[in-house]
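The following exercises concern side-chain contacts and burial. Please work through each task before reading its solution.

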Amino acid sequence: KISSVQLLSDIREKLLKGITITVSVNDISDDFIIRMAKTIREHSKQKNGACTLKFQVIDAEENISADLLSKKIKVVPDNDFLRALDSFGEVKYKLN
């Protein structure tokens with residue numbers, strides 16, 4: 001018995017708890033930081049962001065990684081934000 005019907009995009013925004021952005025330490029530059037900060041600002045102000053933002057910085061040469069959790073900034077995981085992350089090329093992301 002079907003009790004309700006919802007769009008997948010609506011479910012993603014309601015049920016998603018966070019997003020983890022993975023980037024190599026070698027890919028981080030001043031330009032990367034400026035572009036990423038701008039992207040995050042644009043997608044946290046549009047609506048009230050609901051997803052926690054976490055960065056995982058990986059150093060493959062030393063075989064170590066650091067997880068960085070943002071306590072203040074929350075983002076909206078809409079298609080525009082995910083497309084913006086895809087445009088970075090050097091980052092991977094995981095929806096939690």
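**Exercise 1.** How many salt bridges does a search of the whole structure find?

*Solution.* The model is predicted, so local features need pLDDT of at least 70 and side-chain atom pairs count only at pLDDT 80 or more, while totals for chains, interfaces and linings use all residues. Residues are numbered from 1 along each chain as its sequence is written, and side-chain values use heavy atoms, without hydrogens and water.
Step 1: apply the criterion, a side-chain nitrogen of Lys or Arg within 4 Å of a carboxyl oxygen of Asp or Glu.
Step 2: the search yields three salt bridges.

**Exercise 2.** Characterise the salt bridge between aspartate 80 and arginine 83.

*Solution.* Step 1: the N to O distance is 2.9 Å.
Step 2: the two residues are three apart in helix H3, about one helical turn; helices are DSSP runs (H or I, at least four residues) and strands likewise (E, at least two), numbered from the N terminus.
Step 3: burial is classed by relative accessible area (buried under 20%, exposed over 50%, partly exposed in between; 1.4 Å probe, protein chains only). Aspartate 80, at 43%, is partly exposed, whereas arginine 83, at 52%, is exposed.

**Exercise 3.** Which residues of helix H3 are buried?

*Solution.* Step 1: in H3 (residues 79-86), they are Phe81, Leu82, Ala84 and Leu85.
Step 2: viewed down the axis of H3, these buried residues fall within an arc of 155°, so they line one face of the helix. The arc is taken over directions from the helix axis to the C-beta atoms.
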